[in-house]
Structure formats: structure tokens, C-alpha cells
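Here is a structure to question one label at a time. Each answer sets a value against its cut-off.

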Amino acid sequence: MSHSHLPRFKRTPIALFIGLSLAFSGTVANAQEQEQPTKPEKQGLETITVTAQKRAQNLQEVPVSVTAFTGDEMAESVIKDMYDLQTNVPGLGAFQSQSATNSSFSIRGVGTSSQNFGLESSVGLYVDGVYRARQNSLINNLVDVAAVEVLRGPQGTLFGKNTPSGAVLVTTALPSHSGGDAFLEATVGNYGLVNLSGATSISAIEDVLAFRVTAFGSQRDGTISDKEFGNDIVNDRDRWGARAQALYTPNEDVTLRVIADYAEINEICCGAPVQLSNLSAKEIDGKFGTDAALPTLGGTVFAGGDAFYDREIAVSFLPESSMKDRGLSAQLDWDLDENYTVVSISAIRKFESYDNLDTDFTDADLFGTLNDSQQSSFSQELRLDYKSDKLNYILGAYYFEQDLDLEYSLYTDNIFDGFALGVLGQNVDALTGSPGSFGALLGGIDNLAANGLIAPRAAGAPAGTGFNHVAKQKHKSYALFGQFDYKFTDELTLTAGLRFTSEDKDLSTVFTEVGPGINGLANNTPVNLVGALTTLGGIGAGLIDLTTAEGQASLANFSGFDQAGWAFLLLGDTTRPRADINETLSDDQVTGTIKLSYQPDSDTLWYASYGEGYKSGGTNTDRIATGFNPLFDAETSQAFEIGLKKDFPDQDLRINAATHYTTVNDFQANTFTGNGFNLQNAGDYEIKGLELEATWLPTDSLEVNLGYALVKAKYKTFLAGNCWTAYTWHTGIADPGRGTDADGNPNRFCDRSGDRPGGEPENYAVLSLKQDIEMSDSIYAYVQGEYTYTSEIILDGSNDPYAVQDGYSLVNARLFMNFLDYDMDVIVWARNLLDEEYINRTNFNTPLQEGKLNAYMAEPRTFGVTVKKRF
């Protein structure tokens, strides 16, 4: 199988940037006529406008836990993407694993892995009012953004399904007629970082028709080295995109905004160094794992432990990850009168991703996986908004349809057969307590075949075998929703809403196994290892006489070894055949919310709320463990929240706090076992939490911001979760959650009830200090530092004692200077200034290499300079 890379896009961003520069020439003259900016003065606490309830409101008057940022705040903080954004949002998690096309988002401890194509997101992602069905579509650079809002808690009434933990709303900058909003921005930094972006507005018909064009490109070397392929090559950046808009306002009552966007990612991602080697067991003398045999297969052994942070891997070929995301949307706002507004949002979107990964994570040619997926969708939202002094309401209908297509292959490479037999040999030898018993078995079979007594042994796990599946899904959903705010008094407001959602999914998955001498494994005769060993022992001891009919009959214990691929049936569920899936799912759900807000004065808001969320069910598109239903049910959430939003104007202090209790029913858990993903409805999931955000302006030149999230999450019930693997292999200590069946045999799965979920810290805090600097009348400058603390994280779904990331702290810093005469910003910045070393929220049992762990690395210290010129 070829492992050549997809085409790279190294020149395209530069070309786009030059093209944008030329486009700016028509706007510079207008910009120069604008009034020169003046040095900002102390203004006190800022009024922040959000759209968390689908209309513009003051953040301090919205009974929702929201963190909001303006585009300027993000640009000054050098927030490039969602991974940077999470630093400043308590309770938000965003991380990447396996490939650039596998990203995960969580809020308040509830998230969804993107490893399985059948899963939908727990965090609703919206750009300019349009739902993004694939989580990965939002990991590209955030450029020319007007605002980002992170809504915590279920948002199932106004935003619909797939928001059981919250939603992220991204709003891009509008076209304008006035000029002065064009910019060019360039960033250079370590690891060869080059980011270029720009935007400009063009007024075609004054106050009637305006256009805006935005483009960006981002390139950077990797942060992980490979033994064979070179330094700083893995986890690189190669991204670009463009957006074109038209804003049509024929009169003061009608606004039509049309947006077309396109973006690509083509990266070498992601590196996962060895966290724990299985060269020899840590606590059991004389026990050796696959790393002991790896050098004989041409592979490199890494020690793990502290050497994990050497940021080095060795793989057979570099991982390929590419994505294309594009769409067209139109939003019409029509003010019928001073009370009623009709809003229509229509969108078509397409998303494609491709991965080719060395998933044995070694430089021995063992096996890899290939994912090729496409998604296309159409959505339509139609709303009637009503506003008056005492009553506001929204009535709406929503329609969404999508087609999903996935082609997946787990394929074996050149030396997999010998490796697989070695793995089986270790298992058999451990089971029998007799070193070399498996080798003796194979030798005995070959001797019997040489004497013509049985058929010759076929290749057990031949190279070039593909375990493939093609999954298709057709999905239609519609919803009717309504929400109102009614003011009983000037101080007391009731908010209530309901949403009815109907889902229909047609699901089809076809599984095949194709390789040398293999056209499906379903008809293979399963080999009888115990029977074959017993028969060989009997022959060797003279207890079985092959000249008799009874002795000849005993040779049936060797049946199946003459069929190519016999060893695949013994290696785990990933390499076993299974029945195709043809299913139809239909589901109706009603979700709702009710909130009571009390505003005794203009600076204080108390609120209590109850909200529900819903995430639809689906089908597992992986080869899962036998006995598990490939279908999984919908996930629902219920959250109770009490919040306070309080301004102290005399002290220039703002405190927003919320405490919540959330339960998730039929939580869709997806955890990796080392042989595949175990996706199922885990049971009930419970979260208790607290969020605090505070802003204080103690002097005219100092700003202090504090954010904190407490997330106490656990599985209330999870009876068939993953068991410890690495810890048990190295110590011999069994998972206490593993019970026994009726015959006294150990269960295959373990009770994880009461355990914490993987990837979610219990405590997260961020403290930011911003100090203005006196330089000159023509330069506004400040220095800002951020300190973040993340408490201990469980890195996998089994709560394996070896899968724990200790708490860690990060420091970010920047110097911001605005040159008023030139309307230009210069930012000198550093992220992870102290170069803290830590695992990026997840590790995993290395496939088919029991006792070994690999993990994904967080970014090291990065620094650079950003220059932004406005026109």
C-alpha cells in the first residue's frame, strides 16, 4: 500500500495574501480620510452584547452562563483557534488526538469523541447562525471574527439537538460601507510559524450593497521529531481559507447577508510518543512484552517515562491528515413592524476528511488505518421574533438533512504475520504457563503437514490484508420550537420554552476482509488451540496412535490452520468478521427550559433555571466487541442552575457566578481498548459544578480577570466499561471493577460506576493581569500575563492507575503596542512561557501491544510577533 503524502498547500496562502493586498488599494484612500484613532481612556466596566437567546442582549441581563469575547480581544490575546480559546473559558475543553481530523469539545465535563463517524457532538457549534455538524470543521483558524460566545449547560430549546452540554457561537465581521475596517495581519514565531491574514470591505452601492473578503494562511513546522523522517516534522500546521460576503440592505427593514467560505487543512498529525514501554513488566520479574521483540522486527524501542518528553517518535510512514470544509449560507432579517421580525437562515455545507495513519505507532511495518469521509448537509431555520416592553418571544421551525459516507480500512503491512504470531504466542504461553508452547504447536503442525497427515499451515495473518467497511447514513431532522420572556414586574421575569425534534436515520455498513488468499473470514473454521496442543502432547507422549481411526479423528483438532487468516480470528474483535448493518432509527424528543430571573437593580441579576438537552442515537461504525449492539440510543441531559451576575460600579468590579447540577442519561461513551473502540450507552452520568468569572479594575491602568470552574463528574452507572490493561499487565493486580460470570469466569468488561470520565479536570482556574504602560502620547501599550492551573486528569475511560496526568500550570505573556498615528498593532507574545511538559488530556493502550501506552503531547513553549495594520 502506498503511503505517499497528499499534495501540500505551501504557496497558496501567500498568493491569497498578495491578492488581498491588491484589493486593499481601493480602500486605503477612504481609510486615510477617517479620523485618527485616539488613545483609549478609562471607561469602567464594559457592556458586553451577546446573542445567547437569539437576540442581542446585555450579557449581565441574560440568565445563561456565558463567556463572550470580541474579535479585538481575541486578536490582542493571539487566540488563533479553539484550542487557544479554551485557555480563557472555564469549563471548556478542546483537544486533538490521532489526527488533525479528530478533535473533541466538551463543556462542564460532557463531550464527545470524534473518533467514531457515527457519533454526533455534545457541544453545538455554530458559525453565523449555521450549525456545523462535524466537530472538526471548527478547528481551523479564527480570522476576522466579530465575537465568540460559549454557552454552558443544555441549550436544547433554542439551539436544538446535539447541545446537551452547551454551544459555541462564532460570529464573523460584517461588511461595512464606512471603511476603516480593512486590515492586514502577519505573525512570525518559533518552529517556523508564519500566519498571514487580511480582510477588506467594499461599498458597491452606498448604504445598500457592501461586500467583504477575508483570507488567511497558517504554516508552521512540527513540534515532534521522528527518528527517520527528521526533526520538528510531526504536528505541523498547514492551513488556509477564504470567506466572501455580501450585505444587502435595500431599506431599513430588510437585511440580507450571504456568506461563502472555503478552508483546507493538510497536516502531518498527530504524534504520540511512548508513555509506558512494555519491554519488561514494572512489577513482575521475567515478564516481557512486544517491545522486547520489536528490534528483531526492525523497530525502535522507546523507554517511556521521562523520555516521553523528548518529543520523539519512530513510525513507518508519516501520518497524513487533510480536510476540506466549504459552505454557502444566507440570512434574511425582515422587520415587519416595530414588534415583529422574520428571520430565515439557509445553508448548504460540505465537509471532507482523509487520514492515513501508522496505527501500530512504531517504525516496524505492521499495520495502518485509512479513513476517507464525506459529509454534505442542508439546513433551514425560520423564526418569528416578537419584542415589546413586557413580552418577548420566538417561534420557529428548523429542518436539517445530511448524507454521511465513510470508507475505512485497517490494513496489515509487510511483517505483520510474524508479529501477530508472536503476540498470539505470548498469550498462549501465558495461558498455559509453558514458555514456547505456541512455537512448539506451530512446529508440530508443520511436521504433521510435512508427513502428509494434515494440510500445510497457511499464513495466519498475511500482509496486505484489509479489514474494510463502508458506512453510509442518510439523516433527516426537523424541529418546532418556541421560547418567551414575560416580565411580571420590572424586577421579575419568567422565561420558558419547548422544542419538539423528530429524527430519522437510515444506516448502512458493509464489512469486508480482503487479502492474500482471503475473501472474507466468516467461512473460516475457527482454530482450536487447546485441542491442538492437547493432541500434540498426546502424540508426543505416545498416548495417541495415529494409525487408529480414533487417532486419525484427533487430527480434526488441527482443522482451520490451513485457511489463510486463521490467526486474525484470535487477535481480537477488530480483525473478526461481522454481519453488515442495515438499520433505520426514528426518534422524537421534547426538550424544554424554564428560568426565573430577578433583577432588583440595574447592577444585579439573580436567576434559577432548568434546561434539557438531547443528542441523537446512531450506529457504531467501528468493528466493536461481539455481544455489543452496534446501535446506540439517544443521550439526554437535565441541568439545574442558579446564577448571580453582579456589577459593583463604584469599585469597577464584576462577578458572574453559577452553580449547577447536571445529569446525563444514556451517556454515549467511546473508549479505546487497544483493539478497537468500545462505543455504547454507558448509563447515567452526574456532574456537580461551579463557575466563577470576575473582572476588576483596581486602578486606571490595571485590569484583573479571574476564571474558575469546578467540575465534579462521575459515572453513576456504567456496568460494562473498559478494564485496566497496562496496570494489570505490569503488576498482575486485577481491576477491582471486574466481576465474574455465573460460571466464575472473569467478566470481559468492568463496572466503572463511580469513576471519573477521561479527559476532564476537576478544577481549572485562569488569572490574568493587564497593566497599561506609559510610553508616549502616540503609543498605547500594555503588558499582560495569564496563569492557568489544571488539576489532575484521568486520561482514559478505564481509570487505569497508569493513565493519570498530574495537575499542571501554564503561563502566557504578551506585550501589546498600538501605534496610534499608523493605526497599527504590534504584539510580542509567548504561550506556555515556562515550557511546561504535560499530556494533552488523553493516552491509549497501544494497539495489539498489551502493557504499552502512548499519549498525545501538548504544545511546547511557542512565541512570536504579530503585526496588524488597519486601513
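**Helix α6 and a cavity**

Q: Which residues of α6 are exposed, and what makes them so?
A: This is a predicted model. Asn 447 and Ala 450 are exposed, because exposed means over 50% relative accessible area. They sit on the other side of α6 from its buried residues.

Q: What makes residues of α6 count as buried, and which are they?
A: The cut-off is under 20% relative accessible area. The residues of α6 that meet it are Ser 437, Phe 438, Leu 441, Leu 442, Gly 444, Ile 445, Leu 448 and Ala 449.

Q: How do you know on which side of α6 they lie?
A: They cover an arc of only 160° around the axis, so they lie on the same side of α6. Their cover includes α5 (416-432) and α7 (529-540).

Q: How do you know whether the span of α6 agrees with its number of residues?
A: Helix α6 runs over residues 437-450, which is 14 residues. At 1.5 Å a residue, the expected span is 20 Å. The end C-alpha atoms are 20 Å apart, so the two agree. Just after α6, Gly 452 has a positive phi of about 75°.

Q: Why is the second largest space called a cavity?
A: It holds about 710 Å³. It counts as a cavity because a 1.4 Å probe fits there but cannot get out. The structure has 19 cavities of 30 Å³ or more.

Q: What lines the second largest cavity?
A: There are 34 lining residues, and Tyr 83, Gln 86, Tyr 838, Asn 840 and Glu 859 are the closest to its centre. The lining divides into 13 nonpolar, eleven polar and ten charged residues.

Methods
Residues are numbered from 1 along each chain as its sequence is written. This is a predicted model: local features need pLDDT of at least 70, side-chain atom pairs count only at pLDDT 80 or more; totals for chains, interfaces and linings use all residues. Side-chain values use heavy atoms; hydrogens and water are left out. Helices (H or I, at least four residues) and strands (E, at least two) are DSSP runs, numbered from the N terminus. The expected span of a helix is 1.5 Å times one less than its number of residues. Buried means under 20% relative accessible area, exposed over 50%, partly exposed in between (1.4 Å probe, protein chains only). The arc is that of the directions from the helix axis to the C-beta atoms. Contact means heavy atoms within 4.5 Å. On a 1 Å grid over the protein atoms alone, a cavity is a set of points where a 1.4 Å probe fits but cannot get out, and a pocket is an open set with protein on both sides within 12 Å along at least five of seven lines; lining residues have an atom within 4 Å of a point. Grid points are joined across faces, edges and corners, and a volume is the space filled by probe spheres set on the points. Ala, Val, Leu, Ile, Met, Phe, Trp, Tyr, Cys and Pro count as nonpolar, Asp, Glu, Lys and Arg as charged, and the others, Gly among them, as polar.
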